[in-house]
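Q: Got a minute to go through this one with me? I'd like to talk charges first, then a helix.

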Amino acid sequence: MIYQADHFSEKEIAYRINEELLFLPYDLLKIHLFIMKSGYYEQTFTVDEIADKFETTGAKVQSVVDEYIASGKVKEKEQPEEEEHREKKLELCIYWYGMYAKKEPDVDEVADIAEICKHSKISPDYFMYILDYCTKRNRLSTSYMKVLVKDWVSRGLTTLAEAKYYFKQTSDKIVAAKKGFRISGRTLIPLEIAYVESWNYAASLIQYACERTLLFNGKPNFRYADAILRSWKEKGIHSLNDAKLDEKPRKTGGKEQEKSFKMNSFHNFEQRDYDYDALEALLLKRYQDSYYE
């Protein structure tokens, strides 16, 4: 597959490095820089090209490319789909549907699958993702899948990467964190997602921890919320009621802190606190690695 990145200006590249990529492992940072450089010079690239250049795995490169595809900054270069390729894709999708449904697809089901596969970007892997999505909701039928694909395509979810990124952003934990931090108008960046995905707590607890962070810190701070959640875990707190009972009146802050919160909450769209020390960078690495594997 050949990819084309949108144009990246020097200013945009510098901003992304300082605000979003600074604490990524060096091997991932090089991949990001290569993609942005390709956009700057308006050059195309492939996953294998980047993997060979930096002596890394295609899976790791693809995960970074998928992130750019999901954000709309990289697109697959349109290539005519050959008839032989379409037939193989249809054959594979029919086979996978039969495996999930545990039966031989009938004529109508085959026709539905063929209609779904007319979308050139619905790859066999994407088809499997749709099958898994329907199965988990006990809605496995080709008629439902047709409606689902039509809806997803209308939302711009034409590739597997776009679908995964979209549903990751709408998971209960991500929604709870964004609601607690009053974040709107933007999606979370990979570093923030890595934090939230490491939180094995109920969504209600995550939202409350983020609300407490906003109250005492004045702006979204994922490190602060992480510390709150870890402290609750150490105390054996697993419910929202227990967390509220554990809160004790604080002597510091008062009206000045409340004022600071009101002033800063309006600007939470842009403000992020990533003044991490070396120790935290090492701790985060295990979450980042798991995110990009």
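**Charges and a helix**

A: Sure. This is a predicted model. Let's start with a salt bridge between Glu12 and Lys73, whose closest N and O atoms are 3.4 Å apart.

Q: Where in the chain do Glu12 and Lys73 sit?

A: In distant parts, 61 residues apart. Glu12 belongs to helix H1 (residues 10-21), while Lys73 is in the loop between helix H4 (58-70) and strand S3 (74-76).

Q: And how accessible is Glu12, and how accessible is Lys73?

A: Glu12 has a relative accessible area of 27%, so it counts as partly exposed. Lys73 is also partly exposed, at 22% relative accessibility.

Q: How many salt bridges does a search of the whole structure find?

A: It finds 11 salt bridges. One of them joins Glu109 and Lys103, with 2.7 Å between the closest N and O atoms.

Q: Is Glu109 buried or exposed?

A: Buried: its relative accessible area is 11%, and the cut-off for buried is under 20%. Its partner Lys103 is partly exposed at 39%.

Q: What does Arg155 pair with?

A: Asp151, in a salt bridge where the closest N and O atoms are 2.9 Å apart. Arg155 is partly exposed, with 42% relative accessibility, and Asp151 is partly exposed too, at 30%.

Q: Which residues are linked in a network of salt bridges?

A: Asp112, Glu115 and Lys146 are linked that way.

Q: OK, surface now. Which residues form the negative patch?

A: Asp48, Glu49, Asp52 and Glu55 make up that negative surface patch. Asp48 is located in helix H3 (residues 47-54).

Q: Why does Asp48 count as exposed?

A: Because its relative accessible area is 55%, and exposed means over 50%.

Q: Switching to H7. What span should helix H7 have, and what does the model give?

A: H7 covers residues 124-136, so its 13 residues should span 18 Å at 1.5 Å a residue. The end C-alpha atoms are 18 Å apart, which agrees.

Q: Which residues in H7 are buried?

A: Pro124, Tyr126, Phe127, Ile130, Leu131, Tyr133 and Cys134 are buried.

Q: Any general helix geometry to keep in mind there?

A: An α-helix has 3.6 residues a turn, so residues three or four places apart point the same way.

Q: And what is the phi of Asn138, which follows H7?

A: The phi of Asn138 is positive, near 55 degrees.

How values were computed. Residues are numbered from 1 along each chain as its sequence is written. This is a predicted model: local features need pLDDT of at least 70, side-chain atom pairs count only at pLDDT 80 or more; totals for chains, interfaces and linings use all residues. Side-chain values use heavy atoms; hydrogens and water are left out. Helices (H or I, at least four residues) and strands (E, at least two) are DSSP runs, numbered from the N terminus. The expected span of a helix is 1.5 Å times one less than its number of residues. Buried means under 20% relative accessible area, exposed over 50%, partly exposed in between (1.4 Å probe, protein chains only). A salt bridge is a side-chain nitrogen of Lys or Arg within 4 Å of a carboxyl oxygen of Asp or Glu. Patches are made of residues with over 30% relative accessible area and no salt bridge: like charges are joined within 9 Å, nonpolar side chains (Val, Leu, Ile, Met, Phe, Trp, Tyr) within 5 Å. Accessible areas come from the Shrake-Rupley method with a 1.4 Å probe; for residues, only the protein chains shown count as cover. Lys and Arg count as positive and Asp and Glu as negative; His and the chain ends are not counted. The place of a charge is taken as NZ of Lys, CZ of Arg, CG of Asp or CD of Glu.
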